[in-house]
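Work through the exercises below with the sequence and the structure open. Each task is followed by a solution in steps.

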Amino acid sequence: MPQVAFLFPGQGAQAVGMGRQLCETRPAARRLFDEAAEVLGYDLAAACRNGPVERLNSTAVSQPAIFVSSLAALESLRATQQEVATSCAATAGLSLGEYTALVFAGALSFRDGLKVVRQRGEAMQAAADANPSAMIAVLGLEEPAVRDLCAQARGGEVLEVANYLCPANIVLSGGRTACDAVEKLAEAAGGRSIRLAVAGAFHTVLMKPADETLARVLATVEIKPPRVPVWSNVDAQAHTDQDEIRGLLVRQVVEPVLWEKTVRGLLAAGFDRFYEIGPGRVLAGLLKRVQRKAECYNIPA
């Protein structure tokens, strides 16, 4: 029997039109968007369906949008492949996706998860507005070379590794001047760079005080022991203790995402069939860069 793990996408996976087909064909998915409208105070389904893209890309909207769309996609999987949904033995999510994973695993309720995600997105947007900054994916260069580029480009600004995604795909976060500099240096070093469609330097100290806001919000919601282990972005380890999970979620805002290490940990633990649940196909691509023969199926939003 294959060992099944579910993977949930993070910010950047959003696209205008996501969720439309699910709402039209899956009543359970439609109910999630209806409940989200009650919690958020606006029609999230319409924002996903119609955009405009500038609104959907804003951190305060994109995080709830991806969270709800991914859980709507999960309802589609449950409706069509219930045996897959019940066979999942571990889960992980990229940054924001960790909250989706926690809801799937029963550690957070949908409403509490959405409440936290909304305030997380708003706090991260506020931190980005206070510190003009950016995120840059550097491709084709390994970690030591990327760290050297950071040292050269940093100047007086923050510039740090934010995401270790897969071999030769490392995301940097920092001040805009430093990001401009590292783009040029990466090209000169034989790599290439892609500026990400996010508001600012996530997973660095520039996200303070969003972590403090998140800590206060998380203190108001119940976190239960998950029914399957949830792998944390912060330490790339599986966790079932609710107090550990709460603390790791706070740290996640200002610490790098260890996604490659998480994927390698899942593979080493014997997981050999993966489902990427939600908008986009980024996680499947990252998985294939770590283990080319890994089985990964997409359940789209």
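**Exercise 1.** Sort the lining of the largest pocket by residue class, then locate the pocket in this predicted model.

Solution.
- Step 1. The lining has 18 nonpolar residues, ten polar ones and one charged residue.
- Step 2. The space in this largest pocket is about 510 Å³.
- Step 3. The lining is made up of 29 residues, and closest to the pocket centre are Gln11, Gly12, Leu94, Asn163 and Leu196.
- Step 4. Two or more lining residues come from each of helix 8 (110-130), strand 3 (133-139), strand 4 (159-166), strand 5 and helix 14 (282-290).

**Exercise 2.** Decide whether asparagine 169 is buried or exposed, and list its contacts.

Solution.
- Step 1. Asparagine 169 belongs to strand 5, which covers residues 169-175.
- Step 2. Its relative accessible area is 13%; the cut-off for buried is under 20%, so asparagine 169 is buried.
- Step 3. Leaving out residues up to four places away in sequence, asparagine 169 touches Ala137, Val138, Leu139, Asn163, Tyr164 and Leu286.

**Exercise 3.** How many disulfides does the whole structure contain, and where do cysteine 179 and cysteine 296 stand?

Solution.
- Step 1. A search of the whole structure gives zero disulfides.
- Step 2. For cysteine 179, the nearest cysteine sulfur is that of cysteine 150, 8.8 Å away. A disulfide needs the two sulfur atoms within 2.5 Å, so cysteine 179 is in none.
- Step 3. Cysteine 179 is also buried, with a relative accessible area of 0%.
- Step 4. Cysteine 296 is likewise in no disulfide; the nearest cysteine sulfur, from cysteine 88, is 12 Å away.

Terms used. Residues are numbered from 1 along each chain as its sequence is written. This is a predicted model: local features need pLDDT of at least 70, side-chain atom pairs count only at pLDDT 80 or more; totals for chains, interfaces and linings use all residues. Side-chain values use heavy atoms; hydrogens and water are left out. Helices (H or I, at least four residues) and strands (E, at least two) are DSSP runs, numbered from the N terminus. Buried means under 20% relative accessible area, exposed over 50%, partly exposed in between (1.4 Å probe, protein chains only). Contact means heavy atoms within 4.5 Å. On a 1 Å grid over the protein atoms alone, a cavity is a set of points where a 1.4 Å probe fits but cannot get out, and a pocket is an open set with protein on both sides within 12 Å along at least five of seven lines; lining residues have an atom within 4 Å of a point. Grid points are joined across faces, edges and corners, and a volume is the space filled by probe spheres set on the points. Ala, Val, Leu, Ile, Met, Phe, Trp, Tyr, Cys and Pro count as nonpolar, Asp, Glu, Lys and Arg as charged, and the others, Gly among them, as polar.
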